[in-house]
Structure formats: C-alpha cells, structure tokens
Amino acid sequence: MEHPCFLFYLKSSFGGSILEDAGLKRPPAQDIETKGANQRRIDKEVISLLDADVMFVWTYGYTSAIAQEAQTALKRLKTDPFWLSLNVVQQNRVYEVPASYWAGFGPLAANLVVDDLFKYFLVEK
C-alpha cells in the first residue's frame, strides 16, 4: 500500500484565510506561506509540527473509492503513536469538518466555516 499523503492547509487556503480573519493564530511551524500553494505535504513522522490548540481535519477523494481510502487512512492515523502524542489530540480539540465547504470557495461555504467556528468555540457550557 502506498504511504498516505497528509496535507496541511496554509493561511492562503480558503479555510486558512477564514481562520486568519477570525484571529486564530497558528503555531510558528505552520505560520508559513508558499508562493503559489495553499497546502503543504507532511509525513506522519513529523506530524508534531501540526500540534496546536485546535485542529480541523477532513478527508477528500474525487471518487468514492479514493474518499473511502482517505477515511481509512484517517482512521489508521488516529491510532498511530505520532498522532496520539499530539497535545491537541490529548486535549480532545481535533474537529472533523466537511471538505465540501472547508476546502471550498464562495460566500456560502465561508458562512458554513464560520458556523463551525461558532459551533466549536462558542458552545454554551
């Protein structure tokens, strides 16, 4: 089986720009820009660079078979020692969100991302 590709989205990505506008800061290792790119590949062995106060994750596949493979890879990752060692995981602050709008574009998708921010950050206790 091919080594799964994990990507993290940069500030210039659709979701990243909304998080930036909302005032959410990234850890220094993620606070980067790559000319002409909105995402960066990362191997699970250095996934500690993604540790943060909060993390949003999604899977995507342009065919149902690829989407299923992505879901399976995420399930495997969630049992991996590298993943389990992340503070954000231990604090239960990883939120699975739909790629359909987090990786999307336009005002409707932006509003759905903002709705998720309200859902996860402004929950009444």
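Partly exposed means a relative accessible area between the buried limit, under 20%, and the exposed limit, over 50%. Lys78, at 33% relative accessibility, therefore counts as partly exposed. The model is a predicted one. Seven aromatic pairs are found in the structure, and the salt bridges number two. A nonpolar surface patch covers about 280 Å².

**Salt bridges**

- Side chains of opposite charge can pair when their charged atoms come close.
- Lys78 and Glu96 form a salt bridge through their side chains, at 2.1 Å from N to O.
- Lys78 sits in the loop between α2 (64–77) and α3 (81–84), and Glu96 sits in strand β4 (residues 94–96), so this pair ties together parts that are 18 residues apart in sequence.
- Glu96 has a relative accessibility of 41%, so Glu96 is partly exposed.
- Arg41 and Asp43 form a salt bridge as well, with 3.9 Å from N to O.
- That distance qualifies because the cut-off is 4 Å between the side-chain nitrogen and the carboxyl oxygen.
- Arg41 is partly exposed, at 47% relative accessibility.
- Asp43 is also partly exposed, with a relative accessible area of 34%.

**Aromatic pairs and cluster**

- One aromatic cluster is formed by Tyr9, Phe56, Trp58, Tyr95, Trp102, Tyr120 and Phe121.
- Among the seven aromatic pairs is that of Phe56 and Tyr95, which is tilted, with 5.9 Å centre to centre and 40° between the planes.
- Phe56 belongs to strand β3 and Tyr95 to strand β4, so the pair ties together parts that are 39 residues apart in sequence.
- Both Phe56 and Tyr95 are buried.
- Phe56 also pairs with Phe121, in an edge-to-face arrangement with 6.1 Å centre to centre and 85° between the planes.
- This second pair links distant parts of the chain, with Phe56 in strand β3 and Phe121 in helix α6, 65 residues apart.
- Phe56 has 15% relative accessibility, so Phe56 falls under the 20% limit for buried.
- Phe121 has a relative accessible area of 30%, so Phe121 is partly exposed.

**Val57 and its contacts**

- Val57 lies in strand β3, which spans residues 55–57.
- With a relative accessibility of 12%, Val57 is buried.
- Beyond its neighbours within four places in sequence, Val57 contacts Trp83, Val94, Tyr95, Glu96 and Val97.
- One of these contacts is Val97, whose C-alpha is 6.0 Å from that of Val57, although the two are 40 residues apart in sequence.
- Two other contacts of Val57 also appear above: Tyr95 and Glu96. Tyr95 is in the tilted pair with Phe56, and Glu96 is in the salt bridge with Lys78.

**Nonpolar surface patch**

- Val114, Phe118 and Leu122 make the nonpolar surface patch of about 280 Å².
- Val114 is placed in helix α6, which runs over residues 107–121.
- Val114 is partly exposed, at 32% relative accessibility.
- Val114 can count towards a patch because patch residues need over 30% relative accessible area, and Val114 has 32%.

Technical notes: Residues numbered from 1 in each chain as written. Predicted model: local features only at pLDDT ≥ 70, side-chain atom pairs only at ≥ 80, totals over all residues. Heavy atoms only, no water. Patch = residues over 30% accessible without salt bridge, like charges linked within 9 Å, V, L, I, M, F, W, Y side chains within 5 Å. Areas by Shrake-Rupley, 256 points an atom, 1.4 Å probe, with all protein chains shown as cover. Helix = DSSP H or I, 4+ residues; strand = E, 2+ residues; numbered from the N terminus. Buried < 20%, exposed > 50% of the residue type's maximum accessible area, 1.4 Å probe, protein only. Contact = heavy atoms within 4.5 Å. Phe/Tyr/Trp six-rings, centres within 6.5 Å; stacked < 30°, edge-to-face > 60°.
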